Structure formats: C-alpha cells, structure tokens
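Work through the exercises below with the sequence and structure open. Each task is followed by its solution.

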Amino acid sequence: MNDKQIEKLASMLDPSLWKNPLGAIKTLLQHQGKIFDPRKLSHVILRGGTELTKDDKKKAGINPNAKTGSAALSCFTDDGLKDCVDLAFELALAIATIDESLDKQQRWKRQNVKRLIFAPAPDCCDSCKKLEKEYPVDKAPIPVLDTHLGCRCSYTMGANCFD
Ligand SMILES: [Zn+2]
C-alpha cells in the first residue's frame, strides 16, 4: 500500500472507536510480511504490552477472558475498547484483502494480463455486486479501499483477459 492508500484506509476507520487509525495501520503493516494470518496479525494490536487484569477488562467492557494487552489502550477510545477484538480483526483482514488485490494486479500485469474481473464475494453487498465486470488491470476497483470495510471481494481472470 502506498501512503495515499494508507491514509484512505485510515479515513475509513471510525474516529469515535479508533484513537490513532494511521498509527494502528502502520503498526500492522510493519508486521504483515511476517504474519500472514489476519487473526494473528490482529494480535499485534490486541496483545502488545502487558496483559490487562480481569478487573481492567471488566471496567472497559472487554470479555475478561480475552487476551488483551495494554497496547490496546493506546489504539482504541473507551467506546472502541469494548469491541477491540472485532475491530482489530476487521482492520487486519482489510489490510490482507487490499494487499492480496494489489499483489494480483502487479503480478498479472507482469504476466501481460490486460484485464481482470472484479469478483464479488458470494455474500457481498449490492454495491459490490454492481462492480462485477472486466476492468483494465490497474483500473479495477480495489476491494475495501474502493468499496467498504469488511469487503471480501477479489479478482479473477477471464478467458479474454490477455487480449
Ligand atoms: Zn465487496
């Protein structure tokens, strides 16, 4: 992701839930090359620092059995803290989805693929369904960045994509 794309993703995060969206994204990006599973990547935000006590978690509205470290306090507002497990996973998943799509664009371009098909996820929303068609490889809408958080759409190749 380039700086512009990182800023765009940051602007999609709810500022009433995230204390420092840009910082959270950059932290995850630093680890992304080493951790490929979004669930594990989200642990970078959730489990950093020292483990919160059960009392701290109860006060913040976090499930007392969730493994949550003090780093979460710097990422989430009081409102965001209670949903931090879901929010961190949503962000890690968004980064993985964007990265996979950008990677496909670059890889296919090197292989002389001219066009790709935006492939909506089976249970996608109506606005993503409308995007299902062929695009020049580097003009295709990028899942999440050009759609919405939680988007799990991807790209596929058609029979005529090399023409
Ligand atoms: Zn979608």
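The exercises concern a predicted model and go from the overall fold to the nonpolar core.

**Exercise 1.** Determine how many helices and strands the chain has, and in what order they run.

*Solution.* Count the elements: the chain has eight helices and three strands. Then read from the N terminus, which gives α-α-α-α-α-α-α-β-α-β-β.

**Exercise 2.** Describe the extent of the chain, its share of buried residues and the sequence range of its contacts.

*Solution.* Start with the C-alpha atoms, which fill a box of roughly 60 × 30 × 25 Å along the principal axes. Next take burial: of the 163 residues, 28% are buried. Finally, take the contacts between residues at least 6 apart in sequence; 54% of these join residues at least 24 apart.

**Exercise 3.** Find the largest nonpolar core and say which elements and domains supply it.

*Solution.* The largest nonpolar core holds 35 residues, and Leu28, Ile45, Cys84 and Leu91 have the most contacts inside it. Two or more residues each come from helix 2 (21-32), helix 3 (38-46), helix 5 (71-75), helix 7 (84-110) and strand 1 (115-119). Helix 7 gives the largest share, nine residues. As to domains, at least three core residues come from each of domain 1 (3-95) and domain 2 (100-156). As background, nonpolar side chains tend to be buried together in soluble globular proteins.

**Exercise 4.** List which residues Cys84 touches, leaving out those up to four places away in sequence.

*Solution.* With those neighbours set aside, the contacts of Cys84 are Leu46, Ile62, Thr68, Ala72 and Phe76. Cys84 is also one of the residues with the most contacts inside the largest nonpolar core.

Methods
Residues numbered from 1 in each chain as written. Predicted model: local features only at pLDDT ≥ 70, side-chain atom pairs only at ≥ 80, totals over all residues. Helix = DSSP H or I, 4+ residues; strand = E, 2+ residues; numbered from the N terminus. Buried ≥ 20, exposed ≤ 12 C-beta atoms within 10 Å, placed from the backbone. Contact = placed C-beta atoms within 7 Å. Core = buried A, V, L, I, M, F, W, Y, C linked by C-beta atoms within 7 Å. Domains from an automatic or database assignment.
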